[in-house]
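The paragraphs that follow walk through a single protein chain, moving from its surface to its interior and then to the whole. Please keep the sequence and the model open side by side while reading.

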Amino acid sequence: MSITDTRAGRGPRHSRRAPGHHALRAVMAAVLFVVTFAGTGAAFAYQSLQGGVERHDLDDILGSDRPTTTEPDNPDDALEGEAYNILVMGTDSREGEENASLGGGQDSVEGMRSDTTLLVHVAADRSRVDVVSIPRDLLVTIPSCQLPDGTSTYEQYDTMFNSAFALGGGTGDVGYAAGCTVRTVEAMTGIFIHDFVVVDMAGFKDMVDAIGGVDMCFDEDLYSEDAKLDISAGCHTLDGETALAVARARKGVGLGDGSDIGRIDRQQELLTNMVEQVLDRNILTNSTELYQFLQAATSSLTTSERIGNLTTMAGLAYSLRGTEMDGVNFATVPFDWAGNRVRPNYLSEELWTSIRDDEPMALPPDPDATDEAPDGTGDTGDTAGGDGTDDTAGAGEG
């Protein structure tokens, strides 16, 4: 597996430990395991897992004003033979007792924002899976988005990317929050998004706990009051709450310049280690532990209609059975600093074009770019609403 870092427009580089060769197959096996419940007399377990997924019809939310795409002859067959794009989002919503506790209280931050956003592109021939991290501080145009009550939001310009989730989710509906984010990504990239997945803070915590924690090593002490993070240098097995704090933390001791870019690196490493943890602890061969993990995973998901069907998930996994780990790549949207935010640079369009054309990600180096934020501008703040300028206490780690 190659991990590509395109911060500030730079080209590929191997920047962190990658999972073993069989990691992708392990994840696919876990998904396939869910479906086998129905065929082995454990239909109740299957229905329990399926019932935990909250699904939304993306077409009803977005309408027809979207990029063009080629639909397969059999749309229920995991889009086999066609390129497939899915938007994966983490949310800092304080909805529910556990999310409120993890986020600093129900009233600590109003509304919801997208924390981590990943554009996952699966090649039509299933030879590649390209994953692009979209910084939440990226300045973009957010188009008008439909709301559940039939009204629409106003188009907004030069606004932080994660405001799209907040705008669409203004009524508390996660499906419409995801829909506005999908609409923003489609407007920015010209790439048709087939499906979406949203996971909340409690779900992430529960998944880590279900695998017995995740191992990570740190070169220095990390501390963030907002993210409730306090961990010493060295190697640790993180429980779910601490792992969530590591994923959320931006500002504090040992966290670099406080930007979302540094946090993206930690998040990708954390996710990589979680996959390795599943393998190392043989969770895939232990029915009880695997069911507990899948129960934690599915109970935390809000998805579009198709991908939220466990049979469809398994079909997609099966279609990827021949994909090798060296065909899985991570990148970050190429950008230039814009004060204490970031803005897509000219390389980003080359990246989007390659994905639209279902070709390997175009990541040419930019020798004039810089890896660091301007002096004094590393603190990227946060948005509690739609204008991307507020830095609400506690929201900065959301």
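On the surface of this predicted model, a patch of negative charge is formed where Asp-219, Glu-220, Asp-221 and Asp-230 gather. One of these residues, Glu-220, can be placed by its secondary structure, since it sits in the loop that runs between β9 (214–218) and β10 (222–224). Glu-220 has a relative accessibility of 45% and therefore counts as partly exposed, because the class of exposed residues begins only over 50%.

Elsewhere, acidic side chains are paired with basic ones, and the structure holds twelve salt bridges. One of them joins Asp-158 to Arg-343, with the closest N and O atoms 2.5 Å apart. Asp-158 belongs to strand β7 (residues 156–160) and Arg-343 to strand β16 (residues 341–344), so this pair ties together parts that lie 185 residues apart in sequence. Both partners fall in the intermediate class of accessibility: Asp-158 is partly exposed, with a relative accessible area of 45%, and Arg-343 is likewise partly exposed, at 34%.

A salt bridge within a single helix is found between the side chains of Lys-205 and Asp-209, which meet at 3.2 Å, N to O. These two residues are four apart in helix α7 (residues 201–210), so about one helical turn separates them. Their surroundings can be told apart by accessibility, for Lys-205 is buried, with a relative accessible area of 15%, whereas Asp-209 is partly exposed, with a relative accessible area of 35%. The dividing value here is 20%, under which a residue is taken as buried.

What is the accessibility class of Arg-128 and Asp-130? Arg-128 is buried, and Asp-130 is buried as well, while their side chains meet in a salt bridge of 3.4 Å, N to O. Salt bridges also link Asp-59, Arg-66 and Glu-186 into a network.

Turning from charged pairs to a helix, α11 spans residues 310–319, and because seven of its ten residues are buried, the helix is largely enclosed by the rest of the structure. The buried residues of α11 are Leu-310, Thr-312, Met-313, Ala-314, Leu-316, Ala-317 and Ser-319. In the loop that connects α11 with β14 (328–332) lies Gly-322, and this residue, in contrast to the buried ones of the helix, counts as exposed at 51% relative accessibility. Gly-322 also brings together distant parts of the sequence, in that its C-alpha atom is separated by 7.4 Å from that of Ser-127, although the two residues are 195 apart along the chain.

These details can be set against the protein as a whole, whose secondary structure comes to twelve helices and 16 strands. Of its 398 residues, 55% are buried, and the protein exposes about 16100 Å², of which carbon and sulfur atoms supply 49%. How many of the contacts between residues at least 6 apart in sequence join residues at least 24 apart? The share is 71%, and the salt bridge between Asp-158 and Arg-343, described above, spans 185 residues of sequence.

Methods
Residues numbered from 1 in each chain as written. Predicted model: local features only at pLDDT ≥ 70, side-chain atom pairs only at ≥ 80, totals over all residues. Heavy atoms only, no water. Patch = residues over 30% accessible without salt bridge, like charges linked within 9 Å, V, L, I, M, F, W, Y side chains within 5 Å. Areas by Shrake-Rupley, 256 points an atom, 1.4 Å probe, with all protein chains shown as cover. Salt bridge = Lys/Arg side-chain N within 4 Å of Asp/Glu carboxyl O. Lys, Arg positive; Asp, Glu negative; His and termini not counted. Charge placed at Lys NZ, Arg CZ, Asp CG, Glu CD. Buried < 20%, exposed > 50% of the residue type's maximum accessible area, 1.4 Å probe, protein only. Contact = heavy atoms within 4.5 Å.
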